[in-house]
Amino acid sequence: WASVVCAGLGLVFAFLLRLPEPGYPATKAAATEGAAGTDGTESGGAESGGASRARRRRFPRPTLAGMIEPEVVPASLTVALLGACHPTILAFLQPTAVQRGLENPATLFFLVFAVFALATRVLVGRVQDRRGDNAVVYVLLTLYAAGLVTLALAQDPWLLYVSGALCGLGFGGIVPCFQAITVALVPASKVGVATSTFFSALDVGTAAGAIVLGGIVTWVGYTGMFLAAAGIVVFAVLAHHLAHGRRPAARTPRATLRPS
């Protein structure tokens, strides 16, 4: 219920935003409407038309093009693959731990995960700026896959904690890393749409992963499910290479890149 309340407030505040249309600053709109209002015989009609145009700019009709940016779809699909793996931990860590007699150590798993996720988010941005996207992406994906494999095979508490650390380092760093990649692919006027595409892909991947990977537990067990999730992360390495990693920009220090 707390999440529902926060989401509802966020939606309300979103409708209250008044942002200028890219390429059509608020000052230009005001000047246009002011000029229309000073026109002699047609001032009333022009003023009404200017106000109508302002309302249309202020409350644009939702369109698919306003929510999905084609340029960032390939990179976002990689994020969707990674998002599909995370719900396996969120939903199935506890029953896995109970099955293996590790329910008490499992209570500390997410604490370890959070600590290492915070640590990697502090460091990843700097490395990405200095050495480029590929220098961090492949390392983070490797850590995440290793964490899922460790979780699949963990029979002792210390392995559970190692898994939490590896998953925290990998998944905790990869999300902001890919968000930076996504935003850099478009000019400043399309950053909002690119961000929308990024998080939509992450949400769709998370929902699909919970359904698909959760559905195979009956046949392969928890161990097989976590190994399948690790396999998806390995596939995401190939997806990243094809979508972005082979581009020169992926090997260029991000601090030297300039926004379009």
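Which element of the protein has the lowest mean pLDDT, and which the highest? In this predicted model, where pLDDT is the predictor's confidence in each residue, from 0 to 100, helix 2 (residues 26–37) has the lowest mean value, 48, and helix 7 the highest, 95. Helices here are DSSP runs (H or I, at least four residues), numbered from the N terminus. For the whole protein the mean is 83, with 79% of the residues at 70 or more. Residues are numbered from 1 along each chain as its sequence is written. The model is predicted, so local features need pLDDT of at least 70, side-chain atom pairs count only at pLDDT 80 or more, and totals for chains, interfaces and linings use all residues, while side-chain values use heavy atoms and leave out hydrogens and water.

Now for the interior. The largest nonpolar core, a set of buried Ala, Val, Leu, Ile, Met, Phe, Trp, Tyr and Cys residues joined through side-chain atoms within 4.5 Å, has 42 residues. Buried means under 20% relative accessible area (1.4 Å probe, protein chains only). Y144, L148, I174 and F226 have the most contacts inside this core. At least two core residues come from each of helices 4 (73–100), 6 (109–131), 7 (134–153), 8 (157–184), 9 (191–215) and 10 (217–245). Helix 7 gives the most, with nine residues. Setting aside neighbours within four places in sequence, I174 is in contact (heavy atoms within 4.5 Å) with L82, V137, L140 and L141.

Two stretches call for caution in reading. Over residues 24–30 pLDDT stays under 50, and the model has six contacts beyond four places in sequence for them. Residues 32–48 also stay under 50, with eight such contacts.

Methods
Buried < 20%, exposed > 50% of the residue type's maximum accessible area, 1.4 Å probe, protein only.
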